[in-house]
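Please open the model in your viewer and keep the sequence panel visible. The tour below proceeds by selection, from one element to the whole chain and then to the core.

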Amino acid sequence: MAVICVLLLTSCNNASVSTASTASPITTPTTYASASAAGGPQPGALLTINGAPGQVRWTATQNVVGSGSAVLTMSGFPNIDESPYFSPSQLVGSPGEKITVQIVNQSLTEFTHNFSLNSQNIDQDIPWHQSVNETVVFPSSGALFFYCKYHNSIGQVGILRVSPAP
Ligand SMILES: [Cu+2]
């Protein structure tokens, strides 16, 4: 039911939203993380990770090794005050691997979100119910953090990792 409502909202909204030059309407379906990896954090948990620009509101991890691309959605948990998150919250790739990430703002409420990755000079707003493609590069080791500069203090932080999930 929630998914149907969101899809209806999306199609209604697309008719009236002006298209920013760097953004395009959402074309991907709404998905919510519904299960965590075995033994991993529970979806919705706030993780404190050294070096991160805020706590990570955990959704899921996705292995993108060799895939060249990923879809990153930005929304909120309806049952946790719409706390903003990235889904998946962690992408696992090869050292130095370059991928194109489609970043989709499908918030239930009219929020502008943002994708920032300081070391790669990315600071990109994504208007409500629009999406943007960005090229990102995995680090040579360890992890890099991306975040929404408007909501990183309340958990909208994600991870590019070249080693297994925490
Ligand atoms: Cu945000």
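Select strand 12 to begin: is strand 12 mostly covered or mostly uncovered? In this predicted model, four of the five residues of strand 12 are buried, and the strand is thus described as mostly covered.

Keep strand 12 selected and add strand 13. These two strands pair in the antiparallel sense, and five bridges join them. To view one bridge, pick Phe 146; its bridge partner is Gly 158, in strand 13.

Next, colour the whole protein chain by secondary structure. One helix and 13 strands appear. Following the sequence, the helix comes at the start of the pattern, and the strands come after it. Of the 166 residues, 34% count as buried. Among contacts in the protein chain with a separation of 6 or more, 69% are between residues 24 or more positions apart.

Now turn to the largest nonpolar core, which holds 25 residues. Select Met 74, Ile 103, Phe 145 and Leu 160, the members that touch the most other members. Two or more residues of this core come from each of strand 5 (69-77), strand 6 (83-87), strand 7 (90-92), strand 8 (98-105), strand 11 (130-137), strand 12 (143-147) and strand 13 (157-161). In soluble globular proteins, nonpolar side chains tend to be buried together.

Finally, centre the view on Met 74. Which residues does Met 74 touch, not counting residues up to four places away in sequence? They are Pro 84, Phe 86, Ile 103, Val 104, Asn 105, Gln 106, Ser 107, His 113, Ile 126 and Cys 148.

Definitions and conventions. Residues are numbered from 1 along each chain as its sequence is written. This is a predicted model: local features need pLDDT of at least 70, side-chain atom pairs count only at pLDDT 80 or more; totals for chains, interfaces and linings use all residues. A residue is buried if 20 or more other C-beta atoms lie within 10 Å of its own, exposed if 12 or fewer, and partly exposed in between; C-beta atoms are placed from the backbone. Two residues are in contact if their C-beta atoms, placed from the backbone, lie within 7 Å. A nonpolar core is a set of buried Ala, Val, Leu, Ile, Met, Phe, Trp, Tyr and Cys residues joined through C-beta atoms within 7 Å. Two strands pair if DSSP finds at least two bridges between them.
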